Amino acid sequence: MADDQLTIADLVGNTFDISSAEVSDLLEDAPLVARLPVQMSSKGDTHKYVKVTQSPVVGFRAENAGRDFDHSVSELVTVTLKLIDYSWRVDKGNADVWLKGPQDLIATEGKRHLAAALFHLEKQIISGTGADSGGFAGLADDAGLNAVADTMVVDGGGTGSDTTSVYALRVGEEDVSLVMRGDVPMSLGETTVIDALDGSNKHYPAYYTPACTWAGLQIGSAYSAGRIANCETTGSSNIITDDKIFDLISKFPAGRKPNLLVMNRTSQELLRGGRTATNATGAPAPIPEFVGGIPILVTDAITDTEAAIS
């Protein structure tokens with residue numbers, strides 16, 4: 001797409017007689033990004049770590065009788081980081097007529113760019129290349145989470161294109177974490193005045209704010225994440241239920257249970273409705289916050305229009 005720059009018509013807050021509160025119609029909260037730990041990449045735009053895939057064979061033996069030695073087996077895992085760019089610029093002439101000063105406009109627009117970048121990052125964590133083909137691999141791309149036959153997948157039963165997913169994550173530096181390059185993971189660079197060019201290669205001064213970050217997702221082991229896929233968003237038979245969530249939790253090792261359930265608002269409400277139908281009093285159930293003691297995190301980054309996986 002072509003550059004879409006701020007214009008005078010976009011400066012709707014350029015007046016002193018409005019509230020300082022900022023109200024938004026956008027769904028750009030990024031609670032999962034805020035919840036995940038962040039570790040620096042092991043080397044630039046790649047992050048490598050060793051995963052143990054097989055334990056050595058050990059056993060009892062009789063006195064004065066030997067046994068065969070064995071060894072553990074490990075593999076090298078590489079996470080490829082991708083560059084997310086949220087740089088921006090504004091015509092210096094437009095910014096300078098901002099009544100609160102150009103610094104206020106730059107700060108406001110910078111905050112909005114950062115919020116948009118965080119939500120784009122959240123969508124990438126969930127949907128991976130299905131959200132942005134130029135981004136890093138996410139949960140939906142993982143080879144252990146993208147088919148109903150996978151060990152860590154529970155089939156919700158839906159078959160159409162109006163399905164959604166619920167994820168169970170073991171969040172931690174050795175399990176599911178964000179990987180970024182640099183000491184300051186996400187930030188805005190110093191704003192400077194540059195000689196910008198328009199579509200006809202003619203010059204004009206602009207305030208330019210650089211902002212870009214290398215990011216990737218580590219899913220530490222085969223038991224770091226699980227998924228309930230193909231959950232329908234309407235009806236009653238193939239929707240998310242407590243039973244399906246407990247089925248997914250049972251797939252995690254006894255000593256490495258998930259510590260976070262991630263779903264969208266639709267799944268949370270369908271889960272609540274199912275609890276209303278089965279509780280002792282028949283009274284409306286409260287909004288679910290936990291399942292089996294595991295907290296629920298709700299994000300708008302999970303859609304209701306996923307294609308069912310097979």
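What share of the 310 residues in the protein is buried? Buried residues make up 38% of them. Before going on, I should say that this is a predicted model.

Let me start with the overall build. The protein has five helices and 15 strands. Its C-alpha trace spans about 85 × 60 × 30 Å along the principal axes. The radius of gyration is 24 Å, whereas a compact globule of 310 residues would have one near 19 Å.

Next, the contacts. If we take those with a separation of 6 or more, 75% of them are between residues 24 or more positions apart.

Now the surface and the charges. About 17000 Å² of the protein is exposed, and 52% of that area is supplied by carbon and sulfur atoms. As for charge, the protein holds 24 positive and 41 negative charges. The mean positions of these two sets are 5 Å apart.

I will finish with one residue, Asn238. Where is Asn238 placed? Asn238 sits in the loop between strand 12, residues 225–232, and helix 4, residues 242–249.

And what does Asn238 touch, leaving aside its neighbours within four places in sequence? The list includes three glycines in a row, Gly156, Gly157 and Gly158. Asn230, Cys231 and Glu232 are also in contact with Asn238, and so is Lys244. Going by the residue ranges, Asn230, Cys231 and Glu232 fall in strand 12, while Lys244 falls in helix 4.

For Gly157 there is a distance to give: its backbone oxygen lies 3.5 Å from a polar atom of the Asn238 side chain.

Note on methods:
Residues numbered from 1 in each chain as written. Predicted model: local features only at pLDDT ≥ 70, side-chain atom pairs only at ≥ 80, totals over all residues. Heavy atoms only, no water. Helix = DSSP H or I, 4+ residues; strand = E, 2+ residues; numbered from the N terminus. Rg over C-alpha atoms; globule rule 2.2 N^0.38 Å. Buried < 20%, exposed > 50% of the residue type's maximum accessible area, 1.4 Å probe, protein only. Contact = heavy atoms within 4.5 Å. Areas by Shrake-Rupley, 256 points an atom, 1.4 Å probe, with all protein chains shown as cover. Lys, Arg positive; Asp, Glu negative; His and termini not counted. Charge placed at Lys NZ, Arg CZ, Asp CG, Glu CD. Polar contact = N/O pair within 3.5 Å; in protein donor to acceptor, adjacent residues only side chain to side chain.
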